[in-house]
Amino acid sequence: MVLNSALLWHRLMGKVVLAVGSDASPFLRSYAHCSKGRIGVTLLVINLSDQTKFIADVQNSMNNNIKLATEQQKISRKSFSRSLKNTASGAEIKASSDEYSYREEYHLTPKNGYLQTRTMVLNGIPLELTSTGNIPRLDPIRVNVKSPISITPLSIAFIVFPDFVAPACR
């Protein structure tokens with residue numbers, strides 16, 4: 001998971017760090033930066049729990065910091081792989097007339113929830129080298145910006161908000 005996370009960090013996270021306010025559990029870590037090479041903000045959320053799924057809502061607070069409001073849902077080990085599949089299924093939306101009515105999500109999880117796996121999964125698709133030995137494409141899913149963010153157990157999520165206004169990112 002470290003290599004894939006490092007690649008996404010390098011591609012998505014700019015140098016300017018932003019404050020994140022959260023009421024979340026200590027098992028949920030969150031970091032925000034201005035997006036790299038584009039307008040907007042990228043949020044990194046890490047779920048260290050192996051039993052809790054977090055549902056998060058991101059808001060621009062009064063002082064233009066990010067506010068992460070969360071709720072916790074305990075899940076059983078049996079429902080873990082189903083939870084991983086549901087993170088990516090049905091989330092992609094078509095472009096609308098509002099150019100930025102979406103966010104881009106990259107959810108990294110260990111295959112079958114096994115932390116020592118050699119295969120990581122990005123948005124439900126196993127990441128494996130191409131036939132020529134190259135790194136596979138790291139494509140996001142596009143999600144309606146107003147929908148809650150689901151962070152499954154033992155996962156890392158990079159969430160890009162192209163229309164999030166942060167004065168420090170100008």
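Here are legends for a handful of close-up views of this structure, which is a predicted model.

**View 1. The whole chain, to get your bearings.** You're looking at two helices and twelve strands. Walking along the sequence, the pattern reads α-β-β-β-β-β-β-α-β-β-β-β-β-β. There are 170 residues in the chain, and 45% of them count as buried. Take the contacts between residues at least 6 apart in sequence: 63% of those join residues at least 24 apart. As for the surface, the chain exposes about 9,700 Å², with carbon and sulfur atoms supplying 53% of that.

**View 2. The disulfide between Cys34 and Cys169.** The structure holds one disulfide, and here it is: Cys34 bonded to Cys169, with an S to S distance of 1.9 Å. Cys34 sits in strand 3 (residues 28-35), while Cys169 belongs to the segment after strand 12 (155-161), so the bond ties together parts that are 135 residues apart in sequence. Which hand does the disulfide of Cys34 and Cys169 have? The torsion about the S-S bond is about -90 degrees, so this disulfide is left-handed. The two ends have their own surroundings: Cys34 is buried, at 7% relative accessible area, whereas Cys169 is partly exposed, at 28% relative accessibility. In general terms, a disulfide is a covalent bond between the sulfur atoms of two cysteines.

**View 3. The largest nonpolar core, with Leu43 in the frame.** This core has 19 residues, and Leu43 and Val58 are the ones with the most contacts inside it. Two or more residues come from each of strand 3, strand 4 (41-47), strand 5 (52-60), strand 6 (66-74), strand 11 and strand 12. Which residues does Leu43 contact, leaving aside its neighbours within four places in sequence? The list runs through Val20, Ser30, Tyr31, Ala32, Val58, Leu68, Ala157, Phe158, Ile159 and Phe161.

**View 4. The second nonpolar core.** Separate from the core of the previous view is another one, with 14 residues. Among its members are Leu7, Tyr106, Leu108 and Phe158. Phe158 also turns up in the contact list of Leu43.

**View 5. Ile149 and its company.** Ile149 is found in strand 11 (residues 149-151). Is Ile149 buried or exposed? Its relative accessibility is 2%, and since buried means under 20%, Ile149 counts as buried. Sequence separation and spatial distance tell two stories for Ile149 and Ala56: they are 93 residues apart in sequence, yet their C-alpha atoms are 4.9 Å apart in space. Not counting residues up to four places away in sequence, Ile149 touches Phe54, Ile55, Ala56, Val58, Arg103, Glu105, Ile159 and Phe161. Look out for Val58 in that list, since Val58 is one of the residues with the most contacts inside the largest nonpolar core.

**View 6. Asn123, a loop residue with positive phi.** Asn123 lies in the loop between strand 8 (120-122) and strand 9 (125-127). Its phi is near 50 degrees, a positive value in a residue other than glycine. As background, most residues other than glycine have a negative phi. Although it's in a loop, Asn123 counts as buried, with 8% relative accessibility.

**View 7. Leu154, another positive phi.** Where is Leu154 found? The loop between strand 11 and strand 12 is the place. Leu154 isn't a glycine, but its phi is positive, at about 50 degrees. Its relative accessibility is 11%, so Leu154 counts as buried.

Terms used. Residues are numbered from 1 along each chain as its sequence is written. This is a predicted model: local features need pLDDT of at least 70, side-chain atom pairs count only at pLDDT 80 or more; totals for chains, interfaces and linings use all residues. Side-chain values use heavy atoms; hydrogens and water are left out. A disulfide is a pair of cysteine sulfur atoms within 2.5 Å. Helices (H or I, at least four residues) and strands (E, at least two) are DSSP runs, numbered from the N terminus. Buried means under 20% relative accessible area, exposed over 50%, partly exposed in between (1.4 Å probe, protein chains only). Contact means heavy atoms within 4.5 Å. A nonpolar core is a set of buried Ala, Val, Leu, Ile, Met, Phe, Trp, Tyr and Cys residues joined through side-chain atoms within 4.5 Å. Accessible areas come from the Shrake-Rupley method with a 1.4 Å probe; for residues, only the protein chains shown count as cover.
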